[in-house]
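Biologist: Please take one part of this model and go through it closely. I would like its surroundings covered too, in a single connected account.

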Amino acid sequence: MTYKYGALRDKMKEQNVTQASLADKAAMKHTTLNLSLNNKRSFRQDEMVNICKALGIPFAEIDAYFFNH
């Protein structure tokens, strides 16, 4: 299934966060984050939680950032 991560990318731009710095903050490999953002692999639940924490995204809004078709 393909997801749109535009809201997540917008949040990253809003906070001047690069993929590399977000990967570091979320305890992910840079390649893993890139593959996930480009729908080459799915985000794991722990990765989504770590990204939300790193970007200050409330868990109640997780659908808007990770499950947008």
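Modeller: The account below starts from helix H4 (residues 45-55) and works outwards.

The model is predicted, so to speak of local features requires pLDDT of at least 70 and side-chain atom pairs count only at pLDDT 80 or more, while totals for chains, interfaces and linings use all residues. Residues are numbered from 1 along each chain as its sequence is written, and side-chain values use heavy atoms, with hydrogens and water left out.

Helices here are DSSP runs of H or I with at least four residues, numbered from the N terminus. In H4, Glu47, Met48, Ile51, Cys52 and Leu55 are buried, where buried means under 20% relative accessible area, exposed over 50% and partly exposed in between, with a 1.4 Å probe and protein chains only. These buried residues lie on the same side of H4, because they cover an arc of only 135 degrees around the axis; the arc is that of the directions from the helix axis to the C-beta atoms. Gln45 and Lys53, both exposed, sit on the face turned away from that buried side. The cover over the buried residues includes helices H1 (6-14), H2 (19-25), H3 and H5 (62-66), a contact being heavy atoms within 4.5 Å. After H4 comes Gly56, with a positive phi near 70 degrees.

Ile51 shows how the buried side is packed. Leaving aside residues up to four places away in sequence, Ile51 touches Leu8, Leu22, Ala26, Met28, Leu33, Phe43 and Phe66. Ile51 is also among the members with the most contacts to other members in the largest nonpolar core, along with Leu8, Leu33, Leu55, Phe43 and Phe66, out of 20 residues. Such a core is a set of buried Ala, Val, Leu, Ile, Met, Phe, Trp, Tyr and Cys residues joined through side-chain atoms within 4.5 Å. H1, H2, H3, H4 and H5 each supply at least two residues of this core, and H4 gives the most, with four.

Two of those core members also meet each other as aromatic rings. Rings of Phe, Tyr and Trp (its six-membered ring) pair if their centres lie within 6.5 Å, with planes under 30 degrees apart stacked, over 60 edge-to-face and the rest tilted. There are five aromatic pairs by this rule. Tyr3 and Phe67 make an edge-to-face pair, 5.9 Å centre to centre with 85 degrees between the planes. Phe43 and Phe66 also pair edge-to-face, at 5.2 Å and 85 degrees. Phe43 is in the loop between H3 and H4 and Phe66 in helix H5, so this pair ties together parts that are 23 residues apart in sequence. Phe43 counts as buried at 10% relative accessibility, as does Phe66 at 1%.

The polar contacts of H4 involve Glu47, which is buried with a relative accessible area of 4%. Glu47 forms a salt bridge with Arg44, the closest N and O atoms being 3.8 Å apart; the term means a side-chain nitrogen of Lys or Arg within 4 Å of a carboxyl oxygen of Asp or Glu. Arg44 also bridges to Asp46, at 2.8 Å between the closest N and O atoms. Arg44 is partly exposed at 45% relative accessibility, and Asp46 is partly exposed at 38%. A network of salt bridges links Arg41, Arg44, Asp46 and Glu47. Thr32 in helix H3 (residues 30-37) is buried at 18% relative accessibility. Not counting residues up to four places away in sequence, Thr32 touches Arg41 and Glu47.
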